[in-house]
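Trainee: Can we go through this one together, starting with how the helices pack?

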Amino acid sequence: MIPTAILFLTGLLATLLGVEAPVRWVRWVVRAGLALALGAALFFGAEGQAFGGLFLYDGFARVAGVVGIVAGLFASLVGARYLERTGMERFEYHALLAYSVFGVQVMAASANLVVILIGLEILSLPLYALAALRYDAKSEEAGLKYFLLGAVASAVMLYGIVLLYGATGSFAVSAVGQGPLYLAGLLLVLAGLFFKASLVPFHWWAPDVYQGAPTPVTLYMATGVKAAAFAALARVVVGAGVGGLAGAVVALVVVLTVFYGNLGALAQSEAKRLLAYSSVAHAGYIALAVFGPNPAPAMGFYLFVYALSTGLAFAVLSQLDEGEGVPFAGVKGLIKKSPMLAGVLAIALFSLAGMPPFAGFWGKYLVFVEAARGGQYTLVAFALLTAVVAAYYYMKLLALAFFASAGEGGKTPEVPALAAVTMGLVGFLVLALGVFPGLVYGFFNVGNLVP
Amino acid sequence: MIHVLIFLPALAGLVALVYPRWAQSLGLLATAVSTVLGFGLLLGAGSGVAAYAEIPLLKDAGVYYAVGADGVGAVFAVVIPLVVFMALLAVREAPGRMIGLALLMTTGLLGIFLSLDLVLFYVFYEATLIPSLLLLGVYGGRDRVRALMKFALFTLSGSLLMLAAILAARFVGGAESFLLRDLLAARIGGAAALWAFAAFALAFAIKTPIFPLHVWLPDFHAQNHPSGLADVMGTLYKVGVFGFFRWAIPLFPDAFQAFQPYLLFLAAFTALWAAWIAYAQNDWKRMLAYGALSHMGVAALGVFSGTQIGAAGALFLLAASAIYTGGLFLFAGWMHARFGSLELGPTSGLARHAPALAAFGLILFLAMVGLPGLAGFPGEFLSLLGIWQASPWLALLGFLAVIAAAAYVLGAYQRLFHGPPGKIVAELGGPEWGFAVLATVVIVVLGVYPALFSTPISEAAKAFVSVLGGGQ
């Protein structure tokens with residue numbers, strides 16, 4: 001409860017303050033607000049409900065909310081150089097970020113379809129603006145594409161909610177009905193959530209938007225937004241029952257996603273776009289968790305370590321990006337230009353590839369265990385097979401950064417101290433959680449998804 | 001103690017990455033301590049598991065940090081740090097960070113041989129890959145990226161499928177955790193076991209390697225750093241035979257018996273075919289790569305025979321070949337330092353102006369041929385004896401491979417060291433003597449007193465065979 005309130009107030013304060021005060025202040029107000037919310041979520045517990053149970057801040061909401069806050073904070077701490085280079089340093093950027101993180105909390109903290117949709121809108125609207133904030137053709141294209149497709153997805157989902165209400169007389173995710181009306185409604189709601197979670201075949205926007213949007217915004221989109229989308233998706237799927245239609249649809253979507261995401265990444269020659277496809281593929285792995293008897297811990301842990309690892313990779317790209325993206329040539333010979341960035345990138349990529357002793361391995365391990373407990377061995381084997389493809393393109397990127405000689409015009413990227421310290425800490429965390437996953441596992445070990 | 005044994009090299013490795021100048025001395029110190037500790041384990045090894053320790057890693061998910069040394073574990077707890085120690089004696093101009101990576105790999109390898117929890121085993125198995133890739137990628141030859149991709153993709157396609165099988169091994173049978181004893185108490189059967197065994201077999205066949213999954217191996221060695229250090233680590237990393245012995249076959253004995261004829265045939269073919277190819281090589285590292293491949297085929301035959309003698313022989317061979325094959329790769333490194341190339345030709349006539357060097361090379365070669373009285377013989381002999389009990393015809397193929405080894409090794413020796421004298425190079429000197437003497441002593445001791453290793457290995461092999469049900 002408290003973190004959600006803190007974030008809302010942070011957004012308001014940032015907006016009001018921004019009109020008069022220098023942008024530097026707004027930046028720090030937002031960072032302080034995010035840090036405060038994180039502290040409250042971690043140490044206060046603060047679970048509870050409001051509005052007659054419509055807003056339900058349970059253990060799972062807390063976990064997903066923390067991932068969202070961490071993503072927002074991460075984007076804010078490492079984005080300074082990028083904002084400065086591209087002339088994006090305006091107070092709206094910081095305020096919008098705070099509002100969006102607030103939206104993540106709302107979307108994750110409800111088992112009611114209407115509130116979920118409201119949360120989705122709160123988190124999305126600021127993002128549409130953020131994606132277009134760089135004011136060049138690519139950024140505007142990303143923002144417009146995201147907005148139009150996102151609006152359609154929301155409308156589809158809303159229509160599905162209406163049908164579900166017609167079939168069951170309830171907005172609760174646990175309301176199960178029968179007949180074509182119910183099934184159609186369920187499919188439409190799932191489609192809307194698949195869109196936000198960028199699961200194939202509702203992923204088409206992701207590569208373009210991720211590539212075109214400002215890199216720190218991409219960082220946040222790929223990590224924080226996914227946490228909210230998956231929190232809602234898991235509640236809906238588990239509420240409807242994985243034994244039925246929802247389970248079958250998710251299984252099909254997982255297969256398509258891991259297959260398409262990983263193969264799509266193979267063909268890329270731009271680092272942001274490659275990571276966009278990789279994040280599509282990871283969405284498939286995360287979705288595997290819903291098949292298990294106790295999906296919350298696996299999903300929460302995966303979302304968290306995935307947010308750290310992908311965030312770390314995008315943080316490195318934020319330092320390399322001059323506003324035109326990061327073609328592979330820009331990563332070439334990174335080890336010689338900046339050993340620190342190269343080292344951090346290596347940690348991120350090994351973790352994303354799921355190699356021990358990095359945290360990503362335990363994330364993969366836990367979701368696969370859940371799927372195996374649910375008896376989905378074929379799905380697990382399939383997902384693991386495509387993980388080999390994933391390993392190939394991560395290695396390719398790594399080989400460029402480490403083993404290729406630097407391209408011409410190799411400038412040494414200057415990394416601001418704050419960003420460097422943040423990346424160092426996150427990198428250390430990814431490694432530490434890889435060696436001692438038990439340290440934080442208890443935090444993710446929360447109970448039911450559906451009240 | 002066992003934790004110090006496992007993690008001391010990694011600690012030294014991390015320090016070496018930061019302070020590369022201390023790498024060599026730190027590495028020598030750490031591996032020496034680990035070797036001594038391993039020797040302690042070996043002397044205390046009985047029929048059970050020594051120095052067992054179990055700490056929950058992810059308790060709710062049933063993952064433990066569980067390590068301990070049975071006879072086989074104890075032998076490798078000596079061999080692995082000992083070989084790295086010898087390698088560090090032999091290489092003189094390896095970059096410090098490269099030594100650091102090798103030390104990190106040492107810990108991973110020790111973990112592979114000592115872990116008694118399946119997920120922990122997998123963690124070590126995969127984690128070892130990372131320094132191995134970096135060794136190749138950072139310090140390798142011109143075509144290193146291609147070799148690296150081949151190596152990484154082969155290894156990962158095996159190991160990721162194995163991860164699915166690991167999950168099946170526990171959840172299909174409903175075992176309480178991934179601890180070896182829990183898994184053995186609730187073994188799975190039927191079609192699930194067949195699939196799971198197939199996945200394990202694929203992973204370990206790639207790591208043995210067995211034909212036709214060996215294609216990463218020659219490039220891996222040819223492109224690695226010429227000093228031979230990375231090749232030694234790669235040789236130690238060929239843990240497939242051990243994987244079959246410790247995990248795949250005991251967990252799925254029925255499935256193994258269904259696959260046994262095919263596996264035996266492939267192993268025999270690998271042994272013979274690789275020996276044939278080795279004969280035609282013109283490059284030190286490629287010749288050694290194929291020669292070692294042939295030996296791995298013989299070792300795989302031993303394990304696949306499903307007999308106590310064969311399995312014991314296979315693991316003895318695995319341990320001993322790490323010593324002399326590793327030694328030969330380091331020897332090739334010396335040749336590279338002296339002649340500036342890895343071709344087999346220019347060393348001609350070495351025996352005349354560097355007799356000690358040539359004599360040391362001869363000892364290593366003879367160990368590889370399996371001359372009685374040297375380390376190569378007991379393992380090869382026991383492996384073939386085991387396979388003879390299971391299938392005399394395949395044993396014949398194995399014998400042919402051993403004879404072929406004599407042909408390519410002695411042929412190479414004659415071309416290398418005798419013949420018309422070529423460039424005059426430095427004789428064995430300085431710290432090189434340390435390596436030469438130590439390697440010779442170890443090879444001779446294992447040759448004349450094989451019981452040092454074979455007794456504890458036999459104890460473990462007895463347990464292996466009893467799991468299979470019957471056998472010799």
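Trainee: Which residues of H10(B) meet H14(B)?
Mentor: Leu217(B), Pro218(B), His221(B) and Ala222(B) of H10(B) meet Lys285(B), Arg286(B), Leu288(B), Ala289(B), Tyr290(B) and Leu293(B) of H14(B), where meeting means that the C-beta atoms, placed from the backbone, lie within 7 Å. The contact of H10(B) with H14(B) consists of seven nonpolar, one polar and two charged residues (nonpolar being Ala, Val, Leu, Ile, Met, Phe, Trp, Tyr, Cys and Pro, charged being Asp, Glu, Lys and Arg, and polar the others, Gly among them). Keep in mind that this is a predicted model, in which local features need pLDDT of at least 70 and side-chain atom pairs count only at pLDDT 80 or more, while totals for chains, interfaces and linings use all residues. Residues are numbered from 1 along each chain as its sequence is written, and chains are lettered from A and ligands numbered from 1 in the order in which they are written.

Trainee: And at what angle do H10(B) and H14(B) pack?
Mentor: H10(B), residues 216-223, and H14(B), residues 284-304, pack at about 140 degrees with their axes 8 Å apart. H10(B) and H14(B) are therefore oblique to each other (under 35 degrees counts as roughly parallel, over 145 as roughly antiparallel, 65 to 115 as roughly perpendicular and the rest as oblique).

Trainee: Is H10(B) enclosed or not, and why?
Mentor: H10(B) is largely enclosed by the rest of the structure, because seven of its eight residues are buried, that is, have 20 or more other C-beta atoms within 10 Å of their own (12 or fewer would be exposed, in between partly exposed). The buried residues are Leu217(B), Pro218(B), Asp219(B), Phe220(B), His221(B), Ala222(B) and Gln223(B), and what covers them includes H6 (129-139), H7 (144-171), H11 (229-236) and H14 of chain B.

Trainee: How many residues of H12(B) are buried, then?
Mentor: In H12(B), residues 240-251, 12 of the 12 residues are buried, so to speak of this helix as mostly covered is fair. Among the buried residues of H12(B) are Phe242(B), Phe244(B), Phe245(B), Trp247(B) and also Arg246(B).

Trainee: Switching helices: how do H15(B) and H20(B) cross?
Mentor: The axes of H15(B), residues 308-339, and H20(B), residues 432-448, come within 11 Å and cross at roughly 155 degrees. That makes H15(B) roughly antiparallel to H20(B).

Trainee: What residues sit in that contact?
Mentor: From H15(B) there are Ala320(B), Ile323(B), Tyr324(B), Gly327(B) and Leu330(B), and they meet Phe435(B), Ala439(B), Val442(B), Ile443(B) and Leu446(B) of H20(B). By class, the contact of H15(B) with H20(B) has nine nonpolar residues, one polar and no charged.

Trainee: Now the interface: how many residues of chain A and chain B are in contact?
Mentor: On chain A there are 26 residues, in contact with 28 residues of chain B. The helices H17 (359-373), H18 (377-403) and H20 (438-444) of chain A each supply at least two residues of the side that touches chain B, and H18(A) gives the most, with 13 residues. That side of chain A has 23 nonpolar, two polar and one charged residues.

Trainee: And what about chain A as a whole?
Mentor: The secondary structure of chain A comes to 20 helices and two strands, and its C-alpha trace spans about 65 × 55 × 40 Å along the principal axes. Of its 451 residues, 62% count as buried. Among the contacts in chain A with a separation of 6 or more, residues 24 or more positions apart account for 80%.

Key: Two residues are in contact if their C-beta atoms, placed from the backbone, lie within 7 Å. Helices (H or I, at least four residues) and strands (E, at least two) are DSSP runs, numbered from the N terminus. Axes are lines fitted to C-alpha atoms, for helices over the stretch in contact, and angles run from 0 to 180 degrees between N-to-C directions.
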